[in-house]
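Here are a few notes from my look through this model. Keep the viewer open while you read.

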Amino acid sequence: MKSSLYRHLVHIFECMLLVFGLAFTSEAKASISSIMIDAESGEVLSSSGADTLRYPASLTKVMTLYITFDALEKGIIKLDDELPVSRKAANRSPSKLGLKAGSKIDVKTCIMALIVKSANDCATVLAEGLGYSEENFAKTMTRVSRELGMKNTTFKNASGLPNRQQKTTARDMALLAAAMYHHFPQYYKWFSETKFTYQGKTIYTHNYVLKKFEGADGLKTGFTNAAGFNIITSAERDGHRVIAVTMGHNTAKERDKKVVQMMNKGLSKLALNDKVNSANMYANLEEKKLDSQATTQVAGLKMPQSQEKTWDIQVGAFSNYAKARNYALSIKQKSSRKLADKEINIEPISTGSAIIYRSKITGFAKKEADAACKSLKKSNKSCIVVASKENEQLILAQNQYQQQ
């Protein structure tokens, strides 16, 4: 009798767990969260549920890589450094490289495994190598998130494996992608890789947007049962770049279709804005030309038709003023003497929900600015040439943010 009652209670309890589990999963995937921004200005081009808390899944690895790239820049680690594989790292699953506990793996291979394979074992290796423990590394991830303006993100591990306290939003993921693109252009290029070789075996990506969409060059896909299918991606066409995030889809096919539609619309919108702005600028110039000619005839004098314009080099866009200023200063210090006498201007741009700070080096003639920007690109530094505010126009340098 007691045994029968016990089995009945266990059955009820199991049913309750199933119901609550389904309800929890349904809540996490109840709706789609999406956002798309102009990568250069930070302007939000479209959004839906962008501030809804969601599970990041393997989008988490973009922050793991951001901190890894920062450590590389600071000389804390090198690409050929060999990192130990702990038992905890070796036991990570399901997506993994298959590392053995007690072995070692170099930093560059770990990076490529995160980008292409989404290897959870390699994420833990990097976390333990940089943070001594994955828990400690996750605290650093959350702290860096706040510094980047990601106000609603909490990380608990380096891989994105399920943890109910690990949450983010589509907006925060877009901020992270923008920071990755602007702060580490020399490493960003790796996000476009579709394969790499490990121990004689070629491993291929499952980020099919890279193959489907012209101009797509990153960043990361993610999936868990609770999170659904997520993606952060970016694409560049004709001098315009968008960053798109969409989260919580039921299938990878649905997710990919959504993000392709988003980026097509965003890039088309930016191209259309260019045409409108060019038309308006041409009309204004024609009007000014006629006014100038009339003034010259009335005065009976030969007057100059235009004044020499000044130009700026924009070297980055940041969510933090101090980072923007320090980065511009570092560019001046590491570059040629041509920049030594130039001023720095940090321009705040409101995007509605946040402020982006543009780092500019100012006071160039057009040819001088083009030459300086070209020189920076040869050193893997991103830049665009822009007219100073009083010129009321924007000129993009050729092959801006070119991929090396």
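**Notes on the model**

1. Start with the hairpin: β7 and β8 are linked by a turn with three residues between them. Bear in mind throughout that this is a predicted model. The two strands, with β7 covering residues 216–224, run antiparallel and are joined by eight bridges. To find the register, look for Lys220, which stands opposite Ile232 in β8.

2. Carry on past β8 and you meet another hairpin, formed by β8 and β9 with two residues between them. In that turn, Asp238 has a positive phi of about 50 degrees. Strand β9 (residues 240–249) runs antiparallel to β8, and eight bridges join the pair. Here Glu236 stands opposite Arg241 in β9.

3. How many of the 10 residues in β8 are buried? Eight of them are, so the strand (residues 228–237) counts as mostly covered, given that buried means under 20% relative accessible area.

4. Now the aromatics. The structure holds 10 aromatic pairs. One of them is Phe69 with Phe191, an edge-to-face pair at 6.5 Å centre to centre and 85 degrees between the planes. Phe69 belongs to helix α2 (residues 60–73) while Phe191 sits in the loop between α8 (185–188) and β5 (195–198), so this pair ties together parts that are 122 residues apart in sequence. Both Phe69 and Phe191 are buried.

5. Phe184 and Tyr187 make a tilted pair, because their planes are at 45 degrees, with ring centres 6.3 Å apart. Phe184 is buried at a relative accessible area of 5%, and Tyr187 counts as buried too, at 11%.

6. Which residues make up the aromatic cluster that includes Phe69 and Tyr187? The members are Tyr66, Phe69, Tyr181, Phe184, Tyr187, Tyr188, Trp190 and Phe191.

7. Two lysines are worth a click. The charged end of Lys342 sits over the ring of Phe364, 4.9 Å from its centre. Lys366 lies over the face of Trp311, with 5.3 Å to the ring centre.

8. Last stop: Thr124, in helix α5 (residues 120–131). Is Thr124 buried or exposed? Its relative accessibility is 0%, so Thr124 counts as buried. The side chain of Thr124 makes a polar contact of 3.1 Å with that of Arg92. Setting aside neighbours within four places in sequence, Thr124 is in contact with Ala89, Arg92 and Glu134.

Conventions: Residues are numbered from 1 along each chain as its sequence is written. This is a predicted model: local features need pLDDT of at least 70, side-chain atom pairs count only at pLDDT 80 or more; totals for chains, interfaces and linings use all residues. Side-chain values use heavy atoms; hydrogens and water are left out. Helices (H or I, at least four residues) and strands (E, at least two) are DSSP runs, numbered from the N terminus. Buried means under 20% relative accessible area, exposed over 50%, partly exposed in between (1.4 Å probe, protein chains only). A polar contact is a pair of N or O atoms within 3.5 Å; within protein, one must be able to donate a hydrogen and the other to accept it, and residues adjacent in sequence count only if both atoms are side-chain atoms. Contact means heavy atoms within 4.5 Å. Two strands pair if DSSP finds at least two bridges between them. Rings of Phe, Tyr and Trp (its six-membered ring) pair if their centres lie within 6.5 Å; planes under 30 degrees apart count as stacked, over 60 as edge-to-face and the rest as tilted. A charge sits over a ring if NZ of Lys or CZ of Arg is within 6 Å of the ring centre and within 35 degrees of the ring normal.
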